[in-house]
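Let's walk through this one together, starting with the overall build and ending with a few individual side chains. Have the coordinates open as you read.

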Amino acid sequence: KKAIMPAAGLGTRVLPASKAVPKEMLNIVDKPAIQYLVEEAVAAGIEDILIITNRGKGVIEDHFDHSFELEANLAGKKNKEKIYEEVKAVATLANIYFIRQKETKGLGHAILCGKSFVGDEPFAVLYGDDVTVSDDPVTAQLCRAYEKYGKGVVGVKEVPDELISMYCSLDVTPLEGRAMSCHKIIEKPTPEQVMSNYAILGRVVLPPEVFGMLEKGLTTVKPGEELYLTDVMSELGARGDLVAYDFDGIRYDMGNKLGIMKANCEVALKHPEIGESFKAYLKELVKTLG
């Protein structure tokens, strides 16, 4: 019933756009990326969401709050009923809380900031860079796998050989269906370290015991180093307590310029208001380009 969304990154890969606008607030057609994550979590049955931010990201908090001036301006106006309801609904999607990661010590440290929020229950993590689109919410798929196997679950997809070094590589063996037992994870592997082309892409469901493991790991982190969440998940795998799930859905990397353009293009093609017009535009554009 709880989820953590790390959104404290600087977005250096999408500069200069992220200089003044957090990358999590970059639009996919008509909604910021972070809203897609919140809507996915809610569709999966999540009730309480903690978003980890840092300095300069107050606009994320504003987005999920009521905007009384805007709502008052839209209320009762002809042809504005639909957008009025959509704007108002954003503030009531879920119980959304915020906390700042005051030190940049990596994803593991960001998750550790949510220890008191989570308490003693399993929780989902939706990475702020990753938007997933699926008829069956990816987070819901992982939650069901967690309930079935009683183990931590990482959402994975196969990554091309030339890109695997940018992600992580998993040592997996088949379990059933889309589920695999995960034994080990290596972050940003060299070609010799690649165990499979399966990589974690933005969604995991973890047991609360990971907080104790993260606290232990934090004691060994040297100044300037990061606390990696993958190290803890790999430890779960070594104990036989981790499942990799090849989720059904499309993932877009919103920390990547090409990923942002793919997300906007593909979501626009399915958008109820502009989908057909955008498709016609693309066809004409392709003809023009030859």
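A residue is called buried here when its relative accessible area is under 20%, exposed when that value is over 50%, and partly exposed in between. By that yardstick, 46% of the 290 residues in the protein chain are buried. Keep in mind that this is a predicted model.

Zooming out, the chain is built from 11 helices and 13 strands. Its C-alpha atoms fit a box of roughly 60 × 50 × 40 Å along the principal axes. Does that suit a compact globule or not? What settles it is the radius of gyration: for 290 residues a compact globule should come in near 19 Å, and the chain has 20 Å, so the two agree. Contacts tell us how the sequence is brought together: counting those with a separation of 6 or more, 75% link residues 24 or more positions apart. On the outside, the accessible surface comes to about 15,100 Å², with 54% of that belonging to carbon and sulfur atoms.

Part of that surface deserves a look of its own. Tyr281, Leu285 and Leu289 make up a nonpolar surface patch, together offering about 330 Å² of accessible area. Tyr281 sits in helix H11, which covers residues 275-289, and it counts as partly exposed because its relative accessibility is 47%.

Now for the cysteines. How many disulfides turn up in the whole structure? The search finds 0. Take Cys182, which is in no disulfide: the nearest cysteine sulfur belongs to Cys168, 8.3 Å away, while a pair would need its sulfur atoms within 2.5 Å to count. Cys182 is buried, at 1% relative accessible area, whereas Cys265 is partly exposed at 26%.

Conventions:
Residues are numbered from 1 along each chain as its sequence is written. This is a predicted model: local features need pLDDT of at least 70, side-chain atom pairs count only at pLDDT 80 or more; totals for chains, interfaces and linings use all residues. Side-chain values use heavy atoms; hydrogens and water are left out. Patches are made of residues with over 30% relative accessible area and no salt bridge: like charges are joined within 9 Å, nonpolar side chains (Val, Leu, Ile, Met, Phe, Trp, Tyr) within 5 Å. Accessible areas come from the Shrake-Rupley method with a 1.4 Å probe; for residues, only the protein chains shown count as cover. A salt bridge is a side-chain nitrogen of Lys or Arg within 4 Å of a carboxyl oxygen of Asp or Glu. Helices (H or I, at least four residues) and strands (E, at least two) are DSSP runs, numbered from the N terminus. Buried means under 20% relative accessible area, exposed over 50%, partly exposed in between (1.4 Å probe, protein chains only). The radius of gyration is taken over C-alpha atoms; the globule rule is 2.2 Å times the number of residues to the power 0.38. Contact means heavy atoms within 4.5 Å.
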